[in-house]
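Here is a walk through one chain, going from single side chains out to helix packing and a sheet. Keep the viewer open as you read.

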Amino acid sequence: GGSGGGGGGGGGGGGGGGPAPPPAGEVEEVAEPEVDADGKPVRVFHEVDIPERPPLSEEELAAVRASIEERERISAAYEAGEAATRAAAAEAEAVEKARAVVASKGAGWKVSPADFERILSAARSSAAGKAEAAEAATAALLDELLAAAGGSLLVRALVPDTKVLRERAIRAGAAAMAAAAAAGKAEATLAALKSVLDAPPSDAAVAERVATGVLSSVSRLAGSLQAASLLRFLGRARALFGGESAAVGMEAALAVSALLRPAICSGVLTEDAEPLSLLRESLAAVKAASSAAEARAAAGGVGAAVGSLGAAAIGAHGVLQALSEALDSKSKEAAHAREAATLSYGALARALRHGFEPYGVPALPKLIKLLADKDKKVADAATVAAEAMIEGLSTLSVKAVVGALYEGMGVVGGGGRVRIECLKLAGMLATQAPGTMGPCLPECIPLVIECLNDSNAKVQTAAEEALPVLCSCVQNAEVASTLRDFIIDALKKPDKTFECVEEVLMTTFCNPMDGTSLAFMMPIIIRGIKDANYELVKKATVCASNLCALIKDSSDIAPFVPLLLPLLEKNVEHSSPNIREATQTARERLLEGAGDLVDPAKRGTAVGACVRDSLAAAVPSLPEPVATYLSHTCAALLEERLGGVVRVQNFRHAVPATEQWVSSIVEPYATAEGGALAQVATAAVENFKSQLPEEARAILAKSGDKDFALDMQNIILAFAGRVLLRKADVRFERGHRYGLIGQNGTGKTTLLNRLAAKDINGFPQELRTWYIRHEVLCDDGIDVRTFLKDKSPAKLAGGGDVDDAFVEATLDQVQFPEEYRAAFVNSLSGGWKMRMSVAISIMHEPELLLLDEPTNHLDIESVDALVDGINGFEGGVVVISHDRRLLQTTNCALWYCDRAKQSIYPLGCEFDAYEARVLKEIAARHAADEERAQARAMLRKKRRDEARRRADAAAKKKAARAT
């Protein structure tokens with residue numbers, strides 16, 4: 001293979017054709033004579049024996065594992081740091097807005113800018129450790145509350161209907177409550193808060209804001225109160241359960257459960273006394289409720305009591321049975337019993353959160369049906385309860401509840417209320433758990449389209465509002481940004497289909513297509529294929545073909561195969577030849593992308609069954625609903641953690657994560673023997689591993705304890721409308737060197753550009769990289785020292801000037817001559833430019849160094865300097881080159897970019913073996929070309945001879961006729 005050029009595609013290929021990779025570790029001897037026709041010696045390439053890597057010792061394995069764990073810690077710290085930076089920026093922006101609002105309106109609220117700064121200081125102390133100033137601000141706010149409760153700053157700051165001020169006032173209140181508990185002032189503080197609740201402001205809205213703010217802070221006093229104080233507060237809170245404000249009543253119920261729970265654990269109260277009596281009284285009140293206030297009071301009591309007793313009380317005291325009986329009640333004397341029972345589901349969801357899901361998730365379909373209840377107050381209560389359940393739903397339960405929402409979206413009539421509410425609930429799930437809701441959208445979007453076509457204008461409006469929210473689940477960058485508005489517009493207006501399909505065809509996709517993206521695009525494409533316009537049919541078919549080529553996993557396309565394949569089968573016999581041709585290609589790509597059409601739920605079902613069996617042995621007394629819930633959520637947890645990239649450490653970490661989840665759910669019901677839940681988790685992970693495809697299991701087996709700097713699997717790389725890599729695995733070990741070889745145009749340079757940009761899905765953003773391109777771009781008149789300063793880490797980060805000594809020391813490392821350091825960059829030869837680029841990379845201390853044809857325009861001395869620099873570099877190296885000397889002297893493992901397979905993979909052989917195979921392929925092609933040429937020449941000669949024979953025969957016949 002020739003040396004690659006300096007442009008676009010990077011390195012040169014093997015003589016213009018795409019050579020197949022040789023078998024790992026060997027190549028057949030090229031059978032050629034020792035001397036050619038001119039008497040010149042001919043090189044003979046012999047078999048290359050690649051020794052296997054010796055097994056690592058226990059000490060070496062321990063070192064590798066420690067390195068991997070350190071890398072994971074750094075990665076986690078990086079992600080946490082990024083999240084903290086974003087949160088800090090958002091907090092700073094919100095604070096500045098709050099300062100502006102307080103400056104303009106604070107006088108009317110009796111909150112001055114100085115008061116706001118005190119609140120801000122105390123609020124920060126609750127979140128980020130107590131600095132001396134923060135402690136003083138918190139203590140001052142607490143003293144003011146104890147001295148003048150209703151007129152204190154903490155209460156005054158709750159009055160305005162301003163979110164940024166209110167949120168920080170609540171945080172400052174929480175800090176003050178914690179300070180009160182620590183200082184032994186919990187009793188006095190609770191009394192002060194009770195006095196605020198006893199004397200609410202006259203304005204109902206203000207009273208609600210003050211009461212909810214006060215109640216949300218009370219929980220910080222938990223564990224520091226005496227029984228008498230608790231009982232007094234319980235009496236006051238119960239009066240709020242059935243008040244005019246449902247929000248205050250729910251906050252009061254949450255406050256009661258938060259205060260009683262630690263009191264029961266510490267023995268200040270017994271669960272057989274107040275909490276249990278509250279539960280019994282509240283369940284009785286549910287069945288006897290005859291007004292809206294009584295219904296709210298009963299529901300609040302159920303939530304407060306069960307919240308303090310724990311989730312086990314639901315089954316132990318027949319809570320759900322009592323609520324079901326109330327829902328079935330038709331007593332005219334208890335006209336609000338059904339409303340009270342429905343509200344109780346919401347109260348339980350808010351009080352127990354995930355702890356209620358084993359019972360709440362199966363109850364959600366019942367609540368969805370109640371949205372269409374003839375009794376409006378029951379339907380309203382169902383709305384409140386369903387929102388409460390979805391609001392606190394675990395991401396692991398999303399797939400378990402969407403079926404009920406989808407069923408509700410299909411309900412016709414009833415004024416469209418069920419459809420409207422279910423669309424809102426689906427939007428809530430998309431906002432709270434976009435990653436989990438996204439894969440559920442292939443079933444959801446067709447129902448949303450139905451709602452868009454509903455005759456009820458309110459349903460249409462709800463569907464239009466839901467579409468952008470649901471679209472936020474899309475992770476594909478092109479669909480989420482470039483195509484988003486076109487897709488939403490086409491889904492709303494069928495006459496925009498042609499415009500949308502054209503835009504999709506003009507878009508260059510650089511990311512794989514997942515099921516979430518297809519959920520939005522396939523309805524439009526299918527509509528286009530069904531259209532009577534031949535041009536639209538062709539373009540939609542081509543669009544479908546292109547998207548199928550970008551499929552990342554067969555499960556993503558599986559839901560659309562029953563819809564798309566029959567249309568393509570029909571159009572294979574279309575009257576238009578262009579459509580037939582496009583359809584044939586689309587059909588092949590669809591079937592290729594779909595693979596064997598394995599049931600996507602098969603793995604989850606198997607893991608769930610394994611968890612149930614393991615729990616039955618580990619915790620026999622566990623209630624059936626809880627065991628069923630854990631079987632579903634453990635399967636979802638493992639799918640979330642292990643269903644993507646196959647990494648050994650992910651499987652290792654999945655066991656403790658699963659054990660922690662199972663333990664958190666089992667704890668309220670039973671105590672498992674030591675190690676029993678760990679065995680449940682281990683069995684679940686091993687079962688999941690056994691359900692992996694053969695390719696994934698092979699990756700897992702090969703990984704071992706290797707420390708990968710890059711581990712990106714099943715990636716897709718496209719450029720200028722052409723797929724370069726498809727379902728490829730890029731797995732580079734830390735500190736190793738890799739040489740990318742292959743024909744021009746196979747994506748080598750594009751891959752390096754993407755690695756440098758860190759925009760491939762799964763690229764570890766904390767990995768420090770530096771890209772040395774084969775060209776150095778510099779403005780005229782810039783000398784070497786100035787150029788290095790401009791490219792230094794401090795300068796690129798927006799910092800100050802770089803120390804001259806640092807620049808000189810870096811140039812010394814690459815042996816850059818003193819006389820050239822003041823020269824203009826653009827006057828240097830290619831060799832000196834490359835040394836300068838290496839010096840810049842040293843300044844950035846990368847963990848992964850990327851080089852694209854670095855030996856172009858270099859003399860031997862410069863190549864030697866480059867080799868020394870690479871060999872002295874401790875990080876990983878990925879280089880595009882066909883320079884035998886560079887690849888061999890730097891001990892690069894060869895990776896082959898295969899145009900035919902649209903993939904990249906390790907060759908497993910030395911460069912000589914690769915070159916021998918290339919030459920053999922070239923010789924075979926030349927021989928085949930010569931054989932074809934000879935065959936064509938013989939055919940032409942045969943035709944000429946036949947033509948002469950016929951001409952001679954015709955001439956003889958003519959002469960005979962003349963005679």
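## Ser-517 and its partner

In this predicted model, the side chain of Ser-517 makes a polar contact with the side chain of Asp-514, at 2.7 Å. Ser-517 sits in helix 25, which covers residues 515-530. Is Ser-517 buried or exposed? Its relative accessible area is 0%, so Ser-517 is buried, the cut-off being under 20%.

Leave out residues up to four places away in sequence, and Ser-517 touches Val-474, Asn-476 and Val-479.

## Another buried serine

Now jump to Ser-545, in helix 26 (residues 534-549). Ser-545 has a relative accessible area of 5%, so this serine is buried too. Which side chain does the side chain of Ser-545 make a polar contact with? That partner is Arg-589, with the pair at 3.3 Å.

Arg-589 also turns up in the list of residues that Ser-545 touches, together with Thr-585 and Ala-586, once residues up to four places away in sequence are set aside.

## Helix 5 against helix 6

Next, a helix pair. Helix 5 (residues 163-182) and helix 6 (residues 186-198) pack with their axes 7 Å apart, at an angle of about 140°. Angles over 145 degrees count as roughly antiparallel, and this one isn't over that limit, so helix 5 is oblique to helix 6.

Who makes the contact? On the helix 5 side, Met-177, Ala-180 and Ala-181 do the touching; helix 6 brings Ala-186, Thr-189 and Leu-193. Sort the residues of this contact by type and you get five nonpolar, one polar and no charged.

## The mixed sheet

Further along there's an open sheet of six strands, in the order 4-5-6-3-7-8, with mixed pairing. Strand 4 (769-772) and strand 8 (903-906) are the edge strands, each pairing on one side only. From one strand to the next, the twist averages 20°.

For the parallel part of that mix, look at strand 5 (residues 848-852) and strand 6 (residues 876-880): they run parallel and are joined by five bridges. Leu-850 has Val-878 of strand 6 as its bridge partner. Helix 39 (residues 830-844) packs on the sheet and touches strand 4 and strand 5. The direction of helix 39 makes about 175° with that of strand 4.

## The hairpin at the edge

How do strand 7 (residues 893-898) and strand 8 pair, parallel or antiparallel? They pair in the antiparallel sense, over four bridges. Tyr-896 has a tyrosine across from it, since its bridge partner in strand 8 is Tyr-905.

Strand 7 and strand 8 make a hairpin with four residues between the strands. In that hairpin, Gln-902 takes a positive phi near 50°.

## Positive phi in the loops

Two other residues are worth a look if you're scanning backbone torsions. Gln-815 isn't a glycine, yet has a positive phi of about 55°. Gln-815 lies in the loop between helix 38 (804-813) and helix 39. With a relative accessible area of 59%, Gln-815 is exposed, because the cut-off for that is over 50%.

Glu-845 isn't a glycine either, and has a positive phi of about 45°. Where does Glu-845 sit? It's in the loop between helix 39 and strand 5. Glu-845 counts as exposed, at 56% relative accessibility.

## An exposed glutamine in helix 33

Gln-679 lies in helix 33 (residues 676-690). At 57% relative accessibility, Gln-679 counts as exposed. Gln-679 is 458 residues from Leu-221 in sequence, and the two are 38 Å apart in space, C-alpha to C-alpha.

## The whole chain

Finally, zoom out. The chain has 42 helices and eight strands. Its C-alpha atoms fill a box of roughly 130 × 90 × 60 Å along the principal axes.

How much of the chain counts as buried? The figure is 48% of the 963 residues. As for the contacts with a separation of 6 or more, 71% of them are between residues 24 or more positions apart.

How values were computed:
Residues are numbered from 1 along each chain as its sequence is written. This is a predicted model: local features need pLDDT of at least 70, side-chain atom pairs count only at pLDDT 80 or more; totals for chains, interfaces and linings use all residues. Side-chain values use heavy atoms; hydrogens and water are left out. Buried means under 20% relative accessible area, exposed over 50%, partly exposed in between (1.4 Å probe, protein chains only). A polar contact is a pair of N or O atoms within 3.5 Å; within protein, one must be able to donate a hydrogen and the other to accept it, and residues adjacent in sequence count only if both atoms are side-chain atoms. Contact means heavy atoms within 4.5 Å. Axes are lines fitted to C-alpha atoms, for helices over the stretch in contact, and angles run from 0 to 180 degrees between N-to-C directions. Angles under 35 degrees count as roughly parallel, over 145 as roughly antiparallel, 65 to 115 as roughly perpendicular and the rest as oblique. Ala, Val, Leu, Ile, Met, Phe, Trp, Tyr, Cys and Pro count as nonpolar, Asp, Glu, Lys and Arg as charged, and the others, Gly among them, as polar. Two strands pair if DSSP finds at least two bridges between them.
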